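User: Can you walk me through this structure? I'm new to this, so keep it plain.

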Amino acid sequence: MAKTRTQTIGAVRRTFSPWTDATATPLIRFENVVKRFGAFTAVNNVSLDIYEREFFALLGPSGCGKTTLMRMLAGFEDPTEGRITLAGQDLSGVPPYRRPVNMMFQSYALFPHMSVADNIAFGPKQAGMAKADIDARVEEMLTLVKLESFAKRKPHQLSGGQRQRVALARSLATRPKVLLLDEPLGALDKKLREETQFELMDLQMELGMTFLIVTHDQEEAMTVADRIAVMNHGVLVQVDPPAAIYEQPATKYVADFIGDVNIVECVVDGCFGGDLRLSTPITPHPLQIAQGDAGGVKTGDKVWLAIRPEKLRISLEAPDAAAGNCFAGEIFDIGYLGDLSVYHVELPCGTRIKVSQPNLSRMVERPISWEDKVYVTFTPHAGVVLSR
Amino acid sequence: MSKSLSWFNVTALVLGFAFLYIPILLLVIYSFNASRLVTIWGGFSTQWYGALLENEQLLDAAWVTLRVAFLSSLVATVLGTMAALALTRYGRFFGRSLFSGMTYAPLVMPEVITGLSLLLLFVAIGLERGFWTITLAHITFTMCFVAVVVQSRLVTFDRSLEEAALDLGCPPFKTFFIITLPLILPAVVSGFMLAFTLSMDDLVIASFTTGPGATTLPMRIYSQVRMGVTPEINAICTVMIGIVTVVVVFASIMTKRQEAQRKRDEQAAAAH
């Protein structure tokens, strides 16, 4: 039984991409939304469409406006300009208690004077549900978050993980159209956080609801979300599925914010269809990069080559001339992480390049060590050329 | 016991408490004096408490005092809580610091001045002085005490609790009564009790704002003492001390429990 359900979820996940479908109507629309607090602009002209059943992440450093954007959807802040619609309905002037949107707070905000069951029953009670229905709903929610035996406890008698689940159950109990999660796992330790991420994804699929999560943790966003919006200084920098954000970052900022990256300043020497030849002061040889559509750059442009450390190869022997792009350098530092090692390679010009290699074998005849002369190679498809 | 009390500490403690409580203790003891003469012990008796029940004047005054105290502290609690809410919640409104200063001014205002200015006001607007003017005056001077107590609680109140309630479909007014108020209730109750005892003890402001037919207990006692202390006065004072003690002890227990609860919650929150 469980197996079939997993397969269905898998099938949905494989094909789910309403944002590529021009005929799909978005559930939530932010239209040119601006929010100013006095002279400070927290959210600057954001337009964003979120689709039904999507797990959408707002990602950015603290103070980038992601929480403000979410609070505007919940109704705790009013946009200074622009408007937000939900299922076609303009939300301007609709108070938080009349929006079909619920929020799970970072602090959980469980009512300390009420039991777990009363906390969960709070929403349905306000909605005016019948007593028997409320009891059934509370029961259902407790089962959903596996806290059946904790109904009578008070919030202060629960562990952090249990409180997080009560907060989740409480915000789901009214079956909102959209669930907003404000740094929902921030207070949990790493192991529990990772487990909970997968539970959240399954829950979202099972309930067929739209989730909007705010987080500063890029791994969390990459794990749970169908699409990620990267924000900085109140502006949307890029909105894409996790793989596109990671492999095709739109700007240096995104490349640098998500994961580790080496950014090398280059000049375009020549364009050959989608292939670019770049020259850079850090190596005498020109670099060959396959960019696909050339990304609108032309000969003579100053660009940045972004390469992820895991897409570089490192070796002690000099590679063939045909091996592609190559930097020669010396090992400056090694970080041994167990599953992989991170090498900091210093090039003759002083620039340091980060290379990570999986440790595939337990025994290595001649491990790479400090001050070794090494060669760093990469294929034309390893890096991405950014013009800003 | 690694830290035993030294003789110096014990002496200081005994002298300190003696200084504070011997007069009160004396009063309580002499309220059980069988003799009519206040300063001569004539054996144990509870006759003055019995006599008290027949002393119409004192009983009337006590009744007035209780009514004034109850009514004024009730109104002062409502107003003080509202003032505290306004001061903590609405970050920067026009004239905020003026308003906050004006709320707290009666705390340090000499009672004579408060009493006199209220008297002038009542005379000026032609309000007939009596029970209601005392009550109004007491509301004025006890309200700020309530505001201080409630505000100190509201400062540490987690606003996301109210937002969560709103988010779950509860309108603001209802949110205040089912979320905010239950959580700040201990502070509101301590504020009420503080206002109640302040009103019960007040002599100066009540003397200024009273009128015919509204004599409070402190006023009655004061005027009788001028003609000589009777054991009945001792008895009624003992009763008052009893009431005030019970109220104060209850209020401080409430505050302590609230503090302990908050500490527990914080520890529990830090534990995860």
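Analyst: Sure. Let's begin with chain B. Read along its sequence, chain B follows the pattern α-α-α-α-α-α-α-α-α-α-α. Keep in mind that this is a predicted model.

User: How many helices and strands does chain B have?

Analyst: Chain B has eleven helices and zero strands.

User: What box do its C-alpha atoms fill?

Analyst: For chain B, the box is roughly 70 × 65 × 30 Å. Those values are taken along the principal axes.

User: What share of chain B is buried?

Analyst: Buried residues make up 33% of the 272 residues in chain B.

User: And its contacts? How many link residues 24 or more positions apart?

Analyst: Take the contacts in chain B with a separation of 6 or more. Of these, 79% are between residues 24 or more positions apart.

User: Okay, now the two chains together. How many residues does each give to the contact?

Analyst: Chain A gives 21 residues and chain B gives 18 residues.

User: Which elements of chain A supply at least two residues there?

Analyst: On the side of chain A that touches chain B, strand 6 (101-104) and helix 3 (116-126) each supply at least two residues. Helix 3 of chain A gives the most, with three residues.

User: What classes of residue are on that side?

Analyst: The side of chain A that touches chain B has twelve nonpolar and nine polar residues. It has no charged residues.

User: Switching to chain A itself. How is it divided?

Analyst: Chain A has domain 1 (13-254) and domain 2 (260-386). The centres of these two domains of chain A are separated by 39 Å, taken over C-alpha atoms.

User: How many residues does each domain put into their contact?

Analyst: Domain 1 of chain A gives four residues, and domain 2 of chain A gives five residues. On the domain 1 side, there are one nonpolar, two polar and one charged.

User: What about sheets? What's the strand order in the open one with five strands?

Analyst: The order is 15-19-16-17-18 in chain A, and the pairing is antiparallel.

User: Which strands stand at the edges, and why is one side of each left without a neighbour?

Analyst: Strand 15 (313-315) and strand 18 of chain A stand at the edges. Each has a single partner strand, so one side of each has no neighbour in the sheet.

User: How are neighbouring strands turned in that sheet?

Analyst: Neighbouring strands of this sheet are turned by 45° against each other on average, direction ignored.

User: How many bridges join strands 17 and 18 of chain A?

Analyst: Seven bridges, in the antiparallel sense, pair strand 17 (residues 340-346) with strand 18 of chain A. One partnership to look at is Glu346(A) with Arg352(A), which is in strand 18 of chain A.

User: Now single residues. What is the phi of Glu371(A)?

Analyst: Phi of Glu371(A) is near 65°. That is a positive value in a residue other than glycine.

User: Where is Glu371(A)?

Analyst: Glu371(A) is in the loop between strand 18 (352-358) and strand 19 (373-378) of chain A.

User: Buried or exposed?

Analyst: Glu371(A) is exposed, because it has 9 other C-beta atoms within 10 Å, and the cut-off for exposed is 12 or fewer.

User: What about Asn45(A), where is that found?

Analyst: Asn45(A) is in strand 2 (residues 40-50) of chain A. Asn45(A) has a positive phi of about 50°, although it is not a glycine. Asn45(A) is partly exposed, with 15 other C-beta atoms within 10 Å.

How values were computed
Residues numbered from 1 in each chain as written. Chains lettered and ligands numbered in written order. Predicted model: local features only at pLDDT ≥ 70, side-chain atom pairs only at ≥ 80, totals over all residues. Helix = DSSP H or I, 4+ residues; strand = E, 2+ residues; numbered from the N terminus. Buried ≥ 20, exposed ≤ 12 C-beta atoms within 10 Å, placed from the backbone. Pairing = 2+ DSSP bridges. Axes fitted to C-alpha atoms, helices over the stretch in contact; angles between N-to-C directions. Contact = placed C-beta atoms within 7 Å. Nonpolar A, V, L, I, M, F, W, Y, C, P; charged D, E, K, R; others polar. Domains from an automatic or database assignment.
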